[in-house]
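Colleague: Could you take me carefully through how the helices pack against each other in this model, one pair at a time?

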Amino acid sequence: MNRGAEGGIPPRMGTGTWGVQAAPDLLITGADLAGAGRADLLIRDGLLADPADAAPGTETIDADGLVALPGLVDLHTHLREPGREDAETVGSGTEAAARGGYTAVLAMANTNPVTDTAEAAAHVAALGRRDGYAQVVPVGAVSKGLAGTELAELGLMARSDAGVRVFSDDGHCVADARLMRRALEYVRAFDGVIAQHAQDPQLAGADACCHEGEISGRLGLPGWPAVAEAGIVARDVQLAGLTRSRLHVCHVSTAETVEVLRWAKGRGLPVTAEVTPHHLLLTTDEVLSYDPTYKVNPPLRPAEDVAALRDGLSDGTIDAVATDHAPHARHDKEHAFAEAAFGMLGLETALGVVVETMVTTGRLGWREVAERMSVVPAHIARLPDQGRPLAVGSPGNVVLVDPTARAVVDRTESASRSRNNPWHGRELPDPVVATVWAGRVTYRR
């Protein structure tokens with residue numbers, strides 16, 4: 001988005017890790033605490049402190065007219081490092097995250113090498129400590145090499161310094177029911193969660209590239225039927241009940257899946273789910289342009305699915321919003337639609353899309369936005385320092401938002417190294433004014 005000449009990230013304090021030097025005190029004055037009244041917030045030594053203790057001359061942000069939320073947490077980010085630094089790095093991806101209001105991102109395992117060992121997870125965590133503008137939490141692979149045949153080092157990754165708690169073969173479905181059951185049983189011992197990319201490969205087909213329906217037929221493009229997603233979710237929620245282990249459903253995209261989740265939650269099964277911003281707003285109509293920017297996995301769906309997803313997020317059937325930020329270099333994305341890579345950018349615009357689809361329509365208030373984009377994602381990922389109330393003693397992770405700001409999205413201004421931005425040229429809410437992670441201002445307009 002066009003953020004004006006003053007937008008951007010302040011220079012690093014010292015060399016390397018953000019924690020090398022202590023952040024100075026920061027006083028935020030007159031913030032609206034998501035409908036809980038106005039208050040001042042003092043951040044000292046990375047924690048929220050009593051604002052009455054602020055010393056004269058403390059750096060101050062005037063938050064009059066702004067809403068303060070706990071820093072956002074993204075359960076589903078592709079940072080591409082190691083292996084595809086031409087598309088994204090931990091530094092550029094988390095810089096985009098900070099611009100979007102995020103103070104923590106979960107880095108998916110489909111890197112090169114795959115994050116399927118304790119050493120690989122530790123490497124991603126170390127990159128985050130060195131280069132991150134937000135907390136970087138490695139996601140471990142469920143299967144070795146994402147091949148879906150043999151479990152990865154789940155226990156070793158969990159016991160490593162990275163402390164992995166979320167495991168996913170995202171980009172690939174754990175299609176083998178026996179392997180999925182074993183994974184769920186294994187992670188139960190350390191309170192882990194399996195995050196499933198729900199898509200039956202037998203129903204989807206290797207060449208599918210969009211939603212199967214009237215538009216795919218008209219364009220002659222092979223498509224995914226909705227049942228390819230809902231069928232796997234129906235299987236997996238029952239496996240979660242059988243194993244009494246936590247299942248998380250990635251990027252829900254169909255009305256049928258929402259109904260399966262509603263059934264599972266009505267029976268108290270240990271199941272959570274996320275929806276992406278692009279599935280809350282974009283539809284299969286975008287595919288009519290043949291623009292490969294709109295090629296995403298799972299695919300964009302018809303308007304009736306979008307309506308069901310909004311209903312599910314509003315009533316709590318869907319627990320969280322996650323971006324599935326998927327940067328790609330131009331030489332991977334700029335092809336004919338059927339040959340282009342899957343994925344689109346999402347970190348910088350996620351909150352704006354949620355405001356557009358859920359807040360301005362009256363479906364969610366700011367407190368519910370905080371729940372679905374910070375509190376609940378932090379709980380799912382078991383991140384004790386994220387998603388906490390803005391109260392004395394909590395970590396100093398805060399995002400300040402302007403409920404009224406709007407701007408036209410300009411992909412050339414993105415902090416990401418990639419430009420596959422589906423919102424380019426579109427006016428959206430532009431809410432993020434400042435992001436503070438562990439007491440440091442990582443973005444300020």
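Modeller: What follows looks at two helix pairs in turn. The model is predicted, so local features need pLDDT of at least 70 and side-chain atom pairs pLDDT 80 or more, while totals for chains, interfaces and linings use all residues. Residues are numbered from 1 along each chain as its sequence is written, and side-chain values use heavy atoms, without hydrogens or water.

Helix 12 (residues 350-359) and helix 13 (residues 366-381) have axes that come within 12 Å and cross at roughly 135°, helices being DSSP runs (H or I) of at least four residues and axes being lines fitted to C-alpha atoms over the stretch in contact, with angles from 0 to 180 degrees between N-to-C directions. The two are therefore oblique to each other, the term for angles left over once those under 35, over 145 and from 65 to 115 degrees are set aside. Helix 12 passes helix 13 in a right-handed crossing (the near helix is turned clockwise from the far one by less than a right angle). In contact (heavy atoms within 4.5 Å), Ala 350, Leu 351, Val 354, Val 355 and Val 359 of helix 12 meet Trp 366, Val 369 and Met 373 of helix 13, giving eight nonpolar, no polar and no charged residues.

Helix 8 (residues 255-266) and helix 10 (residues 303-315) have axes 8 Å apart at an angle of about 25°, which makes helix 8 roughly parallel to helix 10 (under 35 degrees). Helix 8 contributes Ala 255, Glu 256, Val 258 and Arg 262, and helix 10 contributes Asp 305, Ala 308, Leu 309, Gly 312 and Asp 315. By class, this contact has four nonpolar, one polar and four charged residues, where Asp, Glu, Lys and Arg count as charged, Ala, Val, Leu, Ile, Met, Phe, Trp, Tyr, Cys and Pro as nonpolar, and the others, Gly among them, as polar.
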